[in-house]
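Hi everyone, thanks for making room for me today. I'd like to walk you through a structure that you may not have seen before. Have a look at it first, and then we'll go through it piece by piece.

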Amino acid sequence: MAKEKDVKTPKKRKAPSKKAVVKQKAAIAEESKEKELVEEILAEVAAPEEISSTPRRSVAFIGSECYPFVKTGGLGDVMHALPKALVKQNCDVKVILPRYKCIPWEYQEKMIYRGAFEMDLCADGRSFYVGIMEYVWDGVVYDFIDNEEFFSNGSPYTNLVDDIPKYCYFAKAALAALNYMDWIPDIIHCHDWQAALVPVYLRTQFEHTKLTTAKTILTIHNLRFQGIYNIPTIRYWSGLPDHLFCKDVLKTSHQDANMMKGGLAYANMITTVSPTYAGEIQSAYYGETLDAHLRYHSGKLRGIINGIDYDIWDPAADGRLYANYTLHNALEQKKENKRRLQEELGLTQDDGKFVIGLISRLTDQKGLDLVNAILSQVMDDHTQVVVLGTGDRVYEDSFRYYENAFRGSVCSNIMYDETRAHRIYAGADALLVPSRFEPCGLTQLIAMHYGTIPIVRETGGLKDTVEPYNMFTNAGNGFTFDRYDAGLLLDAINRAKTLYFEARSCWDEMVLRDMEKDLSWENSAKQYKDLYLGLT
Ligand code: ADP
């Protein structure tokens, strides 16, 4: 067990806000050559903004993606932001990731070689090279598992035939690397199916290593993806003993094994990314065939909502925006962002138009069949739609069709582009998230922080984060609909338009209310820390 570092240390500190006073004090102290005092004061300036006074815990994060090294969706954001927030909760965090070849060179070149060894993996004892490359940034240590055979594809995920061996290897190599570095954390926090075998390995093949004292948490970011493949393949690649391929652990059907299912059975605690989704996945509709398994393990299941990283998502300092803004000038500056966005995308330049954004993976999960069904009814002389996303061909093509059909009013950006995403969040009036299911959803959070009103379906984290607008009390953060129904989505969009065009002051108040809402990671990180403390 990693040692608990001095517990009595920090009281709550707030350095930056006192900076001016502190600097002044330092100057006076230096003058009078009170060296000790100078050091104390400078330490105060250097101290992190706020460090929790709860006992210290060490945590290894294990997952398949992490911004800015590699990101395909919300998991990448969480793997970056949560460790940073946990450092402020007095945690010692190491993030273990695959060293994909596609990680930009600017990060690769800064990695430092920490060591290498050979590791047995498969049922026939075949062994593989495990290299460890390290990168330290913002108080977080990133250890990349290096193996060209598994990680040299252009993108992190390819197809299950390759991904199953890749993530069997990764889960085992992550634990072997911790042992090799002799870094024994209090908590091993695993993310999604790609890391789901970690708790299983820990309680079987690593049972007699020092690591066995660690407690495991498996966080479900999206239950749709489970790592299911035929039993012989998973048995061969994982090298796990036969008795685990039973219906309570890895076996999911007559012929298939399920890596997520095994992790859920073996983890000490299961979390998912919103309280509503934690409830939903125990039902047949949302449970993706694991609902009974999750109901069985519901005693160790919790929902903790995600936050957003204010260092990356901050309209006042976001270098990608055309015009930065705060609460004081948001209404004006958002118009400037809108005009420039329209110009960049070839839309009619008019800040009086109602601009609806949609930033999403273009897959069934995201409710795009509903959008397709009603888009022509949404379009009128006062409305523009901007889509940003890639995914299923059927949706990519239909949005291309709409761009042609409504030239100057619809722009479909079939691409992955961070800068464009930031500009749409800032320049749009509303953001559409009509998902069929949504574990947490980050786009509605980012939108609110940028003063862009979310229009969402009441499911998962969307339900937990967007309070529906109430015209009688003039309260709420966005527009919502409950059943998965195109007519209800259209109705929600029309309610938004009505408020925008007919009661602008109420709309503007909602913009400011949304920008003010606390969507930071601090609260969520505290809940994770409580969980860690409860487990250890
Ligand atoms: P999911 O994880 O299901 O894809 P989330 O809403 O949790 O959805 O997170 C999506 C993240 O990916 C957000 O940060 C969003 O801005 C970003 N994103 C999605 N599609 C694109 C795109 N085409 N270009 C840039 N960023 C995108």
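**A first tour of the model**

Okay, so how far does the confidence go here? The mean pLDDT of the protein chain is 92, with 91% of its residues at 70 or more. And yes, that score is there since this is a predicted model, so please keep that in mind throughout.

Some stretches do need a warning. Over residues 1-35 the pLDDT stays under 50, and the model has 45 contacts for them beyond four places in sequence. Residues 37-48 are also below 50, and that stretch has 17 contacts beyond near neighbours in sequence.

Now the overall picture. We have 20 helices and 17 strands in the protein chain. The C-alpha trace spans about 80 × 70 × 45 Å along its principal axes. A compact globule of 536 residues would have a radius of gyration near 24 Å, and the protein chain, at 25 Å, agrees with that. Of those 536 residues, 57% count as buried. If you take the contacts with a separation of 6 or more, 72% of them are between residues 24 or more positions apart.

Let's turn to the sheets. One is an open sheet of nine strands with mixed pairing, and the order is S3-S4-S5-S2-S1-S6-S7-S10-S11. Which strands stand at its edges? Those are S3, residues 112-120, and S11; each has a single partner strand, so one side of each is left without a neighbour in the sheet. On average, neighbouring strands here are turned by 25° against each other, ignoring direction.

Going inside that sheet, strand S1, residues 57-62, runs parallel to S2, and six bridges join them. If you want a spot to click on, Phe 61 stands opposite Val 95 in S2. Strand S2 covers residues 91-98, and seven of its eight residues are buried, so S2 is largely enclosed by the rest of the structure. Further along, S7 (residues 215-220) and S10 (residues 269-272) pair in the parallel sense over four bridges. There, Leu 218 has Ile 270 in S10 as its bridge partner.

Then there's helix H6. H6 lies across S1, S2, S3, S4, S5 and S6, and runs at about 115° to S3. That brings us to the largest nonpolar core, which has 101 residues; Tyr 169 and Ile 188 touch the most other members. H6, residues 160-181, gives the most to this core, with 13 residues. As for Ile 188, its contacts away from its sequence neighbours include Ala 60, Ile 62, Leu 175, Val 198 and Ile 217. A second, separate core has 73 residues, including Val 378, Tyr 395, Tyr 469 and Leu 519.

On to the other open sheet I want to show you. This one has six strands in the order S14-S13-S12-S15-S16-S17, with parallel pairing. At the edges stand S14 (410-413) and S17 (479-481), each with a single partner strand, so one side of each has no neighbour in the sheet. Neighbouring strands in this sheet are turned by 15° against each other on average, direction ignored. S13, residues 383-388, pairs with S14 in the parallel sense over four bridges, and Val 385 stands opposite Val 410 in S14. Helix H13, residues 368-378, packs on the sheet and touches S12, S13, S15 and S17; the direction of H13 makes about 160° with that of S12.

Another helix to look at is H15, residues 418-427. Nine of its 10 residues are buried, so H15 is largely enclosed by the rest of the structure. What covers those buried residues? The cover includes helices H12 and H16, plus S12, S13, S14 and S15.

Last stop, a pair of loop residues. Pro 156 is found in the loop between H5 and H6. Is Pro 156 buried or exposed? Buried, with a relative accessible area of 5%. Among the residues Pro 156 touches are Val 70, Tyr 100, Cys 102 and Tyr 167. Gly 299 lies in the loop between helix H11 and strand S11, and Gly 299 is exposed, with a relative accessible area of 64%.

That's the tour, thanks for listening.

Definitions and conventions
Residues are numbered from 1 along each chain as its sequence is written. This is a predicted model: local features need pLDDT of at least 70, side-chain atom pairs count only at pLDDT 80 or more; totals for chains, interfaces and linings use all residues. Side-chain values use heavy atoms; hydrogens and water are left out. Two strands pair if DSSP finds at least two bridges between them. Helices (H or I, at least four residues) and strands (E, at least two) are DSSP runs, numbered from the N terminus. Axes are lines fitted to C-alpha atoms, for helices over the stretch in contact, and angles run from 0 to 180 degrees between N-to-C directions. Contact means heavy atoms within 4.5 Å. A nonpolar core is a set of buried Ala, Val, Leu, Ile, Met, Phe, Trp, Tyr and Cys residues joined through side-chain atoms within 4.5 Å. Buried means under 20% relative accessible area, exposed over 50%, partly exposed in between (1.4 Å probe, protein chains only). pLDDT is the predictor's confidence in each residue, from 0 to 100. The radius of gyration is taken over C-alpha atoms; the globule rule is 2.2 Å times the number of residues to the power 0.38.
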